[in-house]
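Hi there,

Here is the structure I promised to pass on to you. Have a look at it first, and then read my notes below.

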Amino acid sequence: MNDAALQLYHEQLRTWKTAYVNYQALSLVQTREISVNDICYRIQYNAARIVSSDAKVDAASIARRPCFLCASHRPIEQKSIPLLGHYELLVNPYPIFPEHFTLVEKAHVPQRIAPRMADMLQLAYLLSHYTVFYNGPCCGASAPDHAHFQAGTRGFLPIEDVWRQQIDKELAKMAGATLYCLANTPRATLVIEADQVEAAERMFHMVYQALPVLQGEEEPRMNILTLFRNGHWEIFIFPRSKHRPACYSAVGKARLLSSPASVDLGGVFVLPREEDFRKITAPDITQILSEVCLPLTELKMK
Ligand SMILES: [Zn+2]
């Protein structure tokens with residue numbers, strides 16, 4: 001599946017101008033690095049991502065717009081390949097990663113992780129050159145009404161290669177899977193490492209059950225990254241509190257258009273406005289993470 005995805009990527013860059021232009025622009029984007037408590041975050045100035053950062057995801061706006069993940073509303077140039085029987089793999093035309101895909105459920109059904117964690121593990125296994133990620137319906141998904149994952153070039157997110165040095169403690173262990181929490185405050189991070197798919201899924205559901213669900217919502221707020229390498233899965237879970245930090249809707253100089261989701265929590269802060277890219281500091285990142293991450297003390301493991 002890695003080869004088929006790459007083939008589609010090259011084909012779409014040849015035949016779809018929007019994709020070509022945006023991937024060309026991505027190769028020129030400015031980045032810089034900021035260290036927060038000795039953890040390196042990469043800042044990416046990416047103007048094309050305004051479509052996601054500034055997406056209106058309230059129920060009324062969602063109900064009004066045609067769903068851009070449904071096959072009948074996609075641009076005519078956008079092609080897909082079938083995946084796992086009921087998903088399609090599409091090239092994401094607004095990339096953050098050098099190769100960036102959307103993995104879309106064929107049916108227009110809401111974004112929920114509990115019934116799809118097994119799919120996520122399977123997708124990460126099939127697309128082992130990529131990191132598969134999930135943004136919850138209240139945590140950055142710009143189509144909360146249509147189930148989907150995304151996948152981006154593996155090795156791009158800083159957390160993938162440094163998490164082992166950040167292990168704070170082992171929270172749970174079962175045959176085939178271990179759950180860790182990382183010492184990387186104010187980013188609250190849980191990691192499941194598993195060499196058996198059923199154990200990975202079982203451990204995930206233990207975490208899911210241990211997280212609070214806000215009134216009126218159907219699942220605990222979270223972002224998830226999953227990758228498969230060296231014969232095992234690594235699953236990063238970022239429990240969330242707020243959808244967007246206060247600076248997102250502040251006025252004047254205090255405004256900073258950061259709408260964190262999986263990629264930002266994985267260590268690449270995506271900022272669609274150049275002024276924010278220039279001014280953001282380590283205390284800003286600390287403040288944003290403190291607001292949007294759920295402290296792990298809220299995790300009630302049985
Ligand atoms: Zn749809």
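Thr31 stands opposite Gln44 in β2. These two residues belong to a pair of antiparallel strands, β1 (residues 31-36) and β2 (residues 39-45), joined over 6 bridges. Two strands count as paired if DSSP finds at least two bridges between them. Strands (E, at least two residues) and helices (H or I, at least four) are DSSP runs, numbered from the N terminus.

Before going on, please keep in mind that this is a predicted model: local features need pLDDT of at least 70, side-chain atom pairs count only at pLDDT 80 or more, and totals for chains, interfaces and linings use all residues. Residues are numbered from 1 along each chain as its sequence is written.

Back to the hairpin of β1 and β2: 2 residues lie between the strands, and Asn37 takes a positive phi near 50°. The hairpin is part of an open sheet of 3 strands with the order β1-β2-β13 and mixed pairing. At its edges are β1 and β13 (268-271), each of which pairs on one side only. On average, neighbouring strands here are turned by 30° against each other, direction ignored. For angles, axes are lines fitted to C-alpha atoms, for helices over the stretch in contact, and the values run from 0 to 180 degrees between N-to-C directions.

β2 and β13 run parallel and are joined by 4 bridges, with Tyr45 opposite Leu271 in β13. Across β1, β2 and β13 lies helix α11 (residues 282-292), running at about 70° to β1.

Now for the other sheet. How many strands does it have, and in which order? It is an open sheet of 10 strands, ordered β3-β4-β5-β7-β6-β11-β12-β10-β9-β8, with antiparallel pairing. β3 (80-83) and β8 (167-174) stand at the edges with a single partner strand each, so one side of each has no neighbour in the sheet. The average turn between neighbouring strands of this sheet is 25°, direction ignored. Within it, β6 (residues 130-135) and β7 (residues 148-153) form an antiparallel pair over 4 bridges, and Phe133 stands opposite Gln150 in β7.

Helix α7 (residues 197-210) packs on this sheet, touching β8, β9 (177-182), β10 (190-194) and β12 (232-239), and its direction makes about 160° with that of β10. Contact here requires C-beta atoms, placed from the backbone, to lie within 7 Å.

A residue to look at in β10 is Ile192. Is Ile192 buried or exposed? Ile192 is buried, because 26 other C-beta atoms lie within 10 Å; the cut-offs are 20 or more for buried, 12 or fewer for exposed and partly exposed in between, with C-beta atoms placed from the backbone. Leaving out residues up to four places away in sequence, Ile192 touches Ala177, Leu179, Ala200, Met203, Phe204 and Ile235. The C-alpha atoms of Ile192 and Met203 are separated by 7.4 Å, with their positions 11 residues apart along the chain counted as the separation.

Finally, α7 has a helix partner. The axes of α5 (residues 117-126) and α7 come within 10 Å and cross at roughly 135°. In this contact, Met117, Ala118 and Leu121 of α5 meet Val197, Ala200, Glu201 and Phe204 of α7. In α5, Met117, Asp119, Met120, Leu121, Leu123 and Ala124 are buried. These buried residues pack against β5 (100-105), β6, β7, α7, β11 (222-229) and β12.

Best wishes

Methods: Contact = placed C-beta atoms within 7 Å.
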